[in-house]
Amino acid sequence: MLAVVLVGGFGTRLRPLTADLPKQMLPICGVPMIEWVVGHLATHGVQEVGLSLGYRPDGFLNAYPDGQIAGIPYRVAVEPEPRGTAGAVRFATDEFGVDDTFLVLNGDVLTDLDITDLIEFHREHQAEATIALQPVPDPSRFGVVSTSLDGQVKEFVEKPEVGRAPSNNVNAGTYVLEPSVIERIPSGIEVSIERETFPELARAGTLYALSSSTYWLDTGTPKQFLEANLDVLLGRRLRRAELPPAHLDPSAEVVDSVIGIDSRIGAGARIQRSVLFRDCQVGAKASVINSVLADSVYVGEGARLEGCVIGHRQRVEKGEHLIAVKRPDE
Ligand code: GDD
Ligand code: MG
């Protein structure tokens, strides 16, 4: 089965981490996010992945020059301009040629969803399209879905006003689609799957949805990115990661943190709830709390970082204090 993974966003809220990398190349416990997504697909029978994006395919092509991600062959479809979530599906499937049931995924979601189960449900109901749902406490930031008892979608409302959501079940960003869905999407223009295609399918009575409570995280903000790393580190996901070797002084204190390969932590330094990419250097008695440091960041002796996101190769000088007013969540 083919899976089209939408990776066309600019990762604006994760700047400066995304200044020179697509969001899906950022590391979760040392492994790029896209490998987590594709690796998960591989465990559910996906044999080919199509990356759908609007700019900079080189971020992926350079990282995976042999045409495989996590052991699965991949291709890219590069839109001439952003086509929206449905327009991107139309564009990518026109490029790849699709004549069988296929998957579409929001590439910024990390999940342990049982996709095999979702496909089975889709087939049992002879659905034209099936959406995975996730129950959440505040649905207003998502696509919200209400269904009848057998799972037929009655209503799909993208980002409803607070208090207006028809349920607590939100679109989890994994879809099983029949090729006939492609015909419903006009080609060459921007189309939203959430605002146009799904409401149309709901009206036609051919859209189904299945709710399951599983590990699920949308990773758009620094706070969520940090969370995604800690979830793997603290064993909240099905798959574990081997942490790369780092150089820690025996008197350094590292709590709930991911220290990237070749990074060095000096004597008496304290790292807490933070993610350091590769080749960072943290001086003696410095402290890094609730922060994300990209590759090759230098933190001088006695410096203090709290709630910070520091870009590639930046320097925080000796004794400097950078304390965010609130935790990084935008
Ligand atoms: N190729 C391509 N072209 N990809 C796109 C485009 C485009 O024009 N626009 C968005 N994408 C990709 C993004 O990179 C992301 O992976 C995915 O489509 C969803 O877009 P977001 O911008 O992240 O949307 P969202 O998070 O606000 O909402 C979506 O995800 C929620 C779950 O996380 C919607 O699908 C909601 O309904 C859903 O609940
Ligand atoms: Mg998103």
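**Cavities, a buried arginine and an open sheet**

Helix α1 gives the most to the lining of the largest cavity, with four residues. The model is predicted. It holds two cavities of 30 Å³ or more. The largest cavity encloses about 80 Å³ of space. Its lining is made up of Trp36, Val37, His40, Leu41, Leu105, Asn106, Val109, Leu110, Thr111, Gly173, Thr174 and Arg237. Four elements each give two or more residues to this lining: α1 (33–42), β7 (102–106), β8 (109–111) and β12 (169–177). By class, six of the lining residues are nonpolar, five are polar and one is charged.

The second largest cavity has a volume of about 50 Å³. Val7, Gly9, Pro22, Lys23, Gln24, Leu53, Tyr55, Arg56 and Phe60 line this second cavity. Here the lining divides into five nonpolar, two polar and two charged residues.

Arginine 237 belongs to the lining of the largest cavity. This residue sits in the loop between α7 (222–233) and β15 (247–248). Arginine 237 counts as buried because its relative accessibility is 6%, and the cut-off for buried is under 20%. Its side chain makes a polar contact of 2.8 Å with the side chain of aspartate 112. Leaving aside residues up to four places away in sequence, arginine 237 touches Trp36, Leu110, Thr111, Asp112, Tyr215, Asp231 and Val232. Among these neighbours, Trp36, Leu110 and Thr111 also line the largest cavity.

Elsewhere in the chain, four strands form an open sheet. Their order is β17-β20-β23-β26, and the pairing is parallel. The edge strands are β17 (258–259) and β26 (309–310), each of which pairs on one side only. Strand β23 covers residues 292–293 and pairs with β26 in the parallel sense over two bridges. In this pairing, valine 292 stands opposite valine 309 of β26.

Taken together, the region around the largest cavity draws on both helix and strand elements, with α1 listed beside β7, β8 and β12. Arginine 237 adds a loop residue to that lining.

How values were computed:
Residues are numbered from 1 along each chain as its sequence is written. Chains are lettered from A and ligands numbered from 1 in the order in which they are written. This is a predicted model: local features need pLDDT of at least 70, side-chain atom pairs count only at pLDDT 80 or more; totals for chains, interfaces and linings use all residues. Side-chain values use heavy atoms; hydrogens and water are left out. Buried means under 20% relative accessible area, exposed over 50%, partly exposed in between (1.4 Å probe, protein chains only). A polar contact is a pair of N or O atoms within 3.5 Å; within protein, one must be able to donate a hydrogen and the other to accept it, and residues adjacent in sequence count only if both atoms are side-chain atoms. Contact means heavy atoms within 4.5 Å. Two strands pair if DSSP finds at least two bridges between them. On a 1 Å grid over the protein atoms alone, a cavity is a set of points where a 1.4 Å probe fits but cannot get out, and a pocket is an open set with protein on both sides within 12 Å along at least five of seven lines; lining residues have an atom within 4 Å of a point. Grid points are joined across faces, edges and corners, and a volume is the space filled by probe spheres set on the points. Ala, Val, Leu, Ile, Met, Phe, Trp, Tyr, Cys and Pro count as nonpolar, Asp, Glu, Lys and Arg as charged, and the others, Gly among them, as polar.
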